[in-house]
Amino acid sequence: MEGFEDITVEKVETLVGSTPISIETGYFAKQASGAVIVRQGETAVLVAVVVSEEVQEDIDFLPLTVEYREKPYSYGRIPGGFVKREGKPNEREILVSRLIDRPIRPLFPKGFFNDVVVYALTLSADDKYDPDVLAMVGASSALHISEAPFEGPIAGIRVARVDGKLIVNPTYEERDKADLDIVVAGTKDAIVMVEGGANEVPEEEVLEAILYAQESIKNLCEIQEELRKKVGKEKIVVEAPTQDEELKHKIRELTEEKIKEAFNITDKKERNKRIGEIYDCLLDKLNVEEEEKKKVEVLFKEVESEIMREMVLKEHRRIDGRKPDEIRPIWIKLGLFPRSHGSAIFTRGQTQALVMTTLGALGEEQIEESIEEGEEKKRFILHYNFPAFSTGEAKPPKAPSRREIGHGHLAERALEPLIPSEENFPYVIRVVSEILESNGSSSMATVCGASLSLFDAGVPLPKHVAGIAMGLLKEGDNYVVLTDILGDEDHLGDMDFKVAGTRDGITSIQMDIKIKGLTKEILQDALKQANKARMKILDIMYNVIPEPRPEVSKYAPKVIIMEVSPEKIPLIIGPAGKNIKRIIDETGVKIDLEEDGIVRIYAPSKEAGDKARKMIEQIIIDIEPGEVYMGKVVRVEDYGAFVELFPGKLSLLHVSKISHQRVRSAKDHVKVGDIITVKVVEVDEQGRPRVSLKDVKKGEEAKNKYLYENLQQTKEDN
């Protein structure tokens with residue numbers, strides 16, 4: 001094509017499982033710093049990276065932004081709802097953005113403060129391969145061929161276990177059958193991130209799955225190296241930040257003993273206050289100019305970090321005085337608020353989660369749009385909220401952050417394998433965790449609190465689920481794994497490893513590291529130590545509430561399940577929804593109707609539920625000869641009247657059956673709108689009933705009186 005003769009397409013490929021993954025670049029998004037398309041099967045993801053030329057001033061962190069978007073056109077759909085343009089990212093897109101961000105963020109050098117934006121866009125999505133791990137590979141590839149000083153490459157691989165067999169990048173169908181489904185990210189030599197869930201799988205089997213991903217990760221890293229050799233740009237050189245070692249030594253000399261004393265203070269707020277006082281005193285002693293304060297602050301933080309790490313690595317003593325494998329004190333209280341359907345406060349040290357459970361009708365499910373199945377209903381929902389007061393900060397409330405959405409998803413995944421089926425517990429279940437205090441591991445406090453709250457609500461979970469956050473400090477070959485990490489240990493440490501599960505195995509796992517990678521030995525130690533801690537926490541939880549309450553709260557909806565013939569469902573609904581609306585208006589219930597004849601009544605009280613059930617029974621009852629019914633006169637002729645016994649079900653009251661006396665015309669005795677009680681004389685072969693007014697005996701009660709007694713009372717009042 002004229003003017004485009006210089007365009008070349010470079011493509012690399014490797015086999016992952018039984019299907020190749022390819023990475024190509026060259027003819028698209030050429031103004032980006034780096035852009036690739038990653039394909040597996042018919043799923044394709046475009047990832048474009050842009051690195052700013054300017055360095056951001058007055059910051060001490062990497063300004064990295066990751067945006068992952070799934071366009072409905074990629075799976076052949078038009079967006080649902082009134083507005084057909086895509087809006088803000090949904091929860092799935094936010095979670096995948098976090099999945100991409102976490103393994104690449106630690107692989108930028110210190111001192112690099114240019115804006116980096118990674119944009120991943122699903123262009124095609126088949127019914128087999130999830131684009132999320134392809135987007136991870138694409139982000140690494142685009143960064144690797146760009147000028148960004150990215151110290152990769154990395155690759156992401158999904159591992160599932162089906163019938164005891166491990167599969168890399170499984171299809172959706174295989175994942176539906178899996179008892180383990182995790183995403184593993186790593187370099188050629190080491191694991192850097194793990195995220196996923198399992199159905200109570202033992203630690204050693206989870207470790208086996210993590211390590212199984214390494215060979216495929218290595219292959220994907222190698223083809224990224226191959227692509228860089230072909231099209232890679234010259235990297236931005238980042239000069240390592242120079243340190244004033246003499247000033248740092250002086251700062252340590254002036255503050256070391258005071259910092260160690262401050263680290264003996266258990267209370268987070270008091271400890272931070274004391275550290276702040278030490279810093280202010282240091283500034284007075286050094287008498288530094290205003291422009292030098294930032295340098296002193298950075299060096300002071302480094303000294304603080306070094307002292308904390310040395311205490312742990314050399315003395316095995318943590319800043320709150322605990323041993324490496326020690327859990328903070330735990331305090332639990334249930335059923336605090338009478339109107340909630342279930343509630344629990346779970347406190348571990350200075351981290352506290354208030355977790356509330358609400359039960360609702362099946363029609364109240366969360367509707368989500370899935371790249372795999374389109375719209376789908378979500379029956380179990382867990383939301384996590386992190387208000388600023390939980391850390392003592394004076395900030396106004398905001399919309400849920402990506403962190404809050406991610407932590408909620410992690411806790412939800414931990415409990416999901418234990419949630420009873422719809423058949424056994426026909427409720428929608430919403431759990432909300434409000435973090436009231438935070439000093440490390442609030443997501444795992446949410447897991448514990450949610451399990452307790454569900455038990456308190458009478459949700460028949462077969463087992464408790466607990467979670468624990470592990471940390472790591474590593475210098476050379478020396479390392480210490482920390483149980484139940486504090487906020488400072490997370491911030492200054494090398495790993496955040498969250499593990500949740502039951503006594504029988506893991507249900508959710510998430511690991512992020514800040515160093516180049518973890519060895520098998522460290523992973524084994526961390527999983528073993530996490531298991532030991534989880535068992536201790538579960539023992540405490542079982543002591544508080546050993547099994548779910550036998551009944552749901554008196555304020556929770558009461559469920560009545562009826563089975564009717566499917567052809568009776570239209571009768572319950574009635575013309576233009578008349579019947580079902582009347583039942584709902586008179587009783588205050590919610591009614592869920594299934595095509596197979598299952599009727600679920602969700603009632604605010606037993607009395608309301610019983611009344612609604614009786615009204616439905618009245619509607620669907622079969623008309624039988626000899627039985628008495630109420631009916632509404634809907635048409636009158638000389639020869640007789642047509643009486644509606646049920647909505648849409650007419651009977652004929654012949655003029656000869658109106659009275660024991662001779663009647664010349666039915667119009668002389670009944671009129672349209674009259675509510676009368678009649679007895680069925682016969683039902684002909686076509687199901688048409690013939691009724692009698694004169695054969696009704698005194699005291700006989702109509703079988704369908706609930707349908708018409710209110711109308712009759714209104715008529716009499718008038």
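Two strands count as paired here if DSSP finds at least two bridges between them. With that in hand, let us walk through this predicted model, beginning with a hairpin and its neighbour.

**Strands 25, 26 and 27**

Strand 26 (residues 640-646) and strand 27 (residues 649-654) run antiparallel to one another and share 6 bridges. One of the matched positions joins Gly640 to His654 in strand 27. Strand 26 also pairs with strand 25 (residues 628-637), again in the antiparallel sense, over 5 bridges. Between strand 25 and strand 26 lie 2 residues, and the two strands form a hairpin. Here Val636 has Ala641 of strand 26 as its bridge partner. As for cover, 7 of the 7 residues of strand 26 are buried, which leaves the strand mostly covered.

**An open sheet of three strands**

Elsewhere you can find an open sheet of 3 strands in the order 22-24-23, with antiparallel pairing. Its edges are strand 22 (558-563) and strand 23 (590-593), each of which pairs on one side only. From one strand to the next, the twist averages 15°. Strand 22 and strand 24 (residues 598-603) are joined by 6 bridges in the antiparallel sense, and Lys558 sits opposite Ala603 of strand 24.

The strand pairs with a bridge count are gathered here.

| Strand pair | Sense | Bridges |
|---|---|---|
| Strand 22 and strand 24 | antiparallel | 6 bridges |
| Strand 25 and strand 26 | antiparallel | 5 bridges |
| Strand 26 and strand 27 | antiparallel | 6 bridges |

**Helix 14, a helix with two sides**

Helix 14 (residues 578-587) has Asn579, Ile580, Ile583 and Thr587 buried. Seen down the helix axis, the buried residues of helix 14 fall within an arc of 95°, so they line one face. On the other side of helix 14, Lys578, Lys581 and Asp585 are exposed. What covers the buried residues? The cover includes helix 13 (569-573), strand 23 and helix 15 (606-620). Strand 23 is thus met again here, as part of that cover as well as an edge of the open sheet. Just after helix 14 comes Gly588, with a positive phi of about 75°.

**Helix 10, covered throughout**

Helix 10 (residues 442-456) offers another picture: 15 of its 15 residues are buried. From the first C-alpha to the last, helix 10 reaches 20 Å, close to the 21 Å expected for its 15 residues at 1.5 Å a residue. Gly458 follows helix 10 and has a positive phi, near 80°.

**Ile145 and its surroundings**

Is Ile145 of helix 2 (residues 131-145) buried or exposed? Its relative accessibility is 5%, and buried means under 20%, so Ile145 counts as buried. Leaving aside neighbours within four places in sequence, the contacts of Ile145 include Thr25, Gly34, Ala35 and Val36. Also among them are Leu227, Arg228, Val231, Gly232, Lys233 and Lys235. To set Ile145 against the glycine after helix 14, Ile145 and Gly588 are 443 residues apart in sequence and 63 Å apart in space, C-alpha to C-alpha.

**How far to trust the details**

The mean pLDDT of the protein chain is 90, with 96% of its residues at 70 or more. Over residues 713-718, however, the pLDDT is below 50, and this stretch has 3 contacts in the model beyond near neighbours in sequence. Where pLDDT is low, the predicted coordinates should not be read in detail.

Conventions:
Residues are numbered from 1 along each chain as its sequence is written. This is a predicted model: local features need pLDDT of at least 70, side-chain atom pairs count only at pLDDT 80 or more; totals for chains, interfaces and linings use all residues. Side-chain values use heavy atoms; hydrogens and water are left out. pLDDT is the predictor's confidence in each residue, from 0 to 100. Contact means heavy atoms within 4.5 Å. Helices (H or I, at least four residues) and strands (E, at least two) are DSSP runs, numbered from the N terminus. The expected span of a helix is 1.5 Å times one less than its number of residues. Buried means under 20% relative accessible area, exposed over 50%, partly exposed in between (1.4 Å probe, protein chains only). Axes are lines fitted to C-alpha atoms, for helices over the stretch in contact, and angles run from 0 to 180 degrees between N-to-C directions. The arc is that of the directions from the helix axis to the C-beta atoms.
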